[in-house]
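Let's take a walk through a protein fold together. Keep the picture open and turn it as you read.

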Amino acid sequence: MKMTKVVPFAMSAFLIGGAVVAPTASANEGEAVVTNATDNNEQSQQVQPIFIKITGTIENVEKRKDSTYYTVKEDENTNVFVVNDDTLVYDNTGKEVKLQKGDKVTAYTYANKPMLMIYPPQYNPEVIIVETKEMGTVEVDFFNKELVNTDNTLKLNVGKETELLSLSGKKVKAEDLAEQHLLVFYTIATMSIPAQTPPSKVVVLDTIAQEPGETDPSKAAVQEIINNDFYEVEGTKMVPLRLIAEELGFKVESTGKGAIISKGALSYTITRGQKEYGYNKALRYFKVAPALLEPTKTYVPVEFVEELMK
């Protein structure tokens, strides 16, 4: 067994809840501006995206219990989209569609949204757009009282023909769109600054629990544990089971050869040296078997943390 203890040097770059920039991300979506003084005492602007935009082609589809995992690749970049019933999936004309292997897609997710830093990166996007040859443009951003987006490139002129929806399902009027995060579909726009458009459809993204800048304390604490206490075994990052499970609210009972961890209706039975583990009454498998890498501390693959965080 090849085992390496790794000490991270840029811990803050991996913390959950920060503005995460994906390898394929674009920053021309919604933006918040932060100013910092330069060495010449002048103010320079650093643009932080509200939404991360990830593009690529679906190469693999894996259905799991409550979600479907789509592996998406663009050039050398590979990402995984975790899609469930709450994920909005449209084509670029505003038509609801089903994702399929071979689709060219663009996903939008909050930059501050908690995520587990593993490879390939995994995202739980709010919106996924399937690109087609039909005419249609999509904007996902925060719009102010005048219905102008954050970088002043698009203003909405909502009319009677505009279809208005909300992620929560509640009825929406034109006046409800101000100061909201919106998914906007349109086909034509003026050449002015900002460009003005009569959108064909607008969806209010109104069920996001966290506001930009907020973090989940327990998940941030878990990432801190991962950053400071891990080994690499056969190319897999191994992290301490008890510390992480208890931080996430699980009860941990030692079995002498491993542990049983439980919370509510969930129960996992883990045995050191065995790749298979019990999940309620079913069997699942680790890439690398759990191991006692430090006295009294069982370590498991970091991917298992994602399982506990669902």
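**Strands side by side**

Start with β13 and β16: these two strands run parallel and are joined by four bridges. One spot to look for is Glu-163, which stands opposite Lys-201 in β16. Keep in mind as you look that this is a predicted model.

Now turn to another partner of β16. Strand β14 (residues 180–186) is linked to β16 (residues 201–204) by four bridges, and this time the two run antiparallel. You can trace the pairing residue by residue: Leu-182 has Val-204 as its bridge partner in β16, and Val-184 has Val-202.

Step back and you'll see an open sheet of four strands, in the order β11-β14-β16-β13, with mixed pairing. Which strands stand at the edges? They are β11 (137–143) and β13 (163–166); each has a single partner strand, so one side of each is left without a neighbour in the sheet. On average, neighbouring strands here are turned by 20 degrees against each other, ignoring direction.

Stay with β16 a moment longer. In a regular strand, side chains alternate between the two faces of the sheet. That's the pattern to look for here: Lys-201 and Val-203 point one way, while Val-202 and Val-204 point the other way, and all are buried.

**Into the core**

Next, let's head for the nonpolar parts. In soluble globular proteins, nonpolar side chains tend to be buried together. The largest nonpolar core in this model has 25 residues, and Ile-261 and Phe-304 are the ones with the most contacts inside it. Which elements give two or more residues to this core? They are α1 (217–228), α2 (241–247), β20 (258–263), β21, β22 (276–279) and α3. Helix α3 gives the most, with four residues. Apart from this core lies another one of 15 residues, among them Leu-99, Ala-107, Ala-111 and Ile-128.

Phe-304 deserves a closer look. If you leave aside its neighbours within four places in sequence, Phe-304 is in contact with Leu-241, Ile-261, Tyr-268, Ile-270, Tyr-277 and Phe-286. Is Phe-304 buried or exposed? Its relative accessible area is 3%, so Phe-304 is buried.

**Rings and charges**

Several of those contacts carry aromatic rings, so what do ring pairs look like? A pair of aromatic rings is described by the distance of the centres and the angle of the planes. A search of the whole structure turns up ten aromatic pairs. One of them is Tyr-268 with Phe-304, an edge-to-face pair with 5.3 Å from centre to centre and 90 degrees between the planes. This pair links distant parts of the chain: Tyr-268 is in strand β21 (residues 266–271), Phe-304 is in helix α3 (residues 303–309), and they are 36 residues apart. Tyr-268 has a relative accessibility of 2%, so Tyr-268 counts as buried too.

Zoom out a little, and both rings turn out to belong to one aromatic cluster, formed by Phe-250, Tyr-268, Tyr-277, Tyr-279, Phe-286 and Phe-304. Tyr-279 has a charged visitor as well: the charged end of Arg-284 sits over its ring, 3.8 Å from the centre. You can find a similar arrangement at Tyr-69, where the charged end of Arg-64 sits over the ring, 3.7 Å from its centre.

**The whole chain**

Finally, take in the full view. The protein chain has three helices and 25 strands, and 42% of its 310 residues count as buried. Among contacts between residues at least 6 apart in sequence, 59% join residues at least 24 apart.

Notes: Residues are numbered from 1 along each chain as its sequence is written. This is a predicted model: local features need pLDDT of at least 70, side-chain atom pairs count only at pLDDT 80 or more; totals for chains, interfaces and linings use all residues. Side-chain values use heavy atoms; hydrogens and water are left out. Rings of Phe, Tyr and Trp (its six-membered ring) pair if their centres lie within 6.5 Å; planes under 30 degrees apart count as stacked, over 60 as edge-to-face and the rest as tilted. Buried means under 20% relative accessible area, exposed over 50%, partly exposed in between (1.4 Å probe, protein chains only). A charge sits over a ring if NZ of Lys or CZ of Arg is within 6 Å of the ring centre and within 35 degrees of the ring normal. Two strands pair if DSSP finds at least two bridges between them. Axes are lines fitted to C-alpha atoms, for helices over the stretch in contact, and angles run from 0 to 180 degrees between N-to-C directions. A nonpolar core is a set of buried Ala, Val, Leu, Ile, Met, Phe, Trp, Tyr and Cys residues joined through side-chain atoms within 4.5 Å. Contact means heavy atoms within 4.5 Å.
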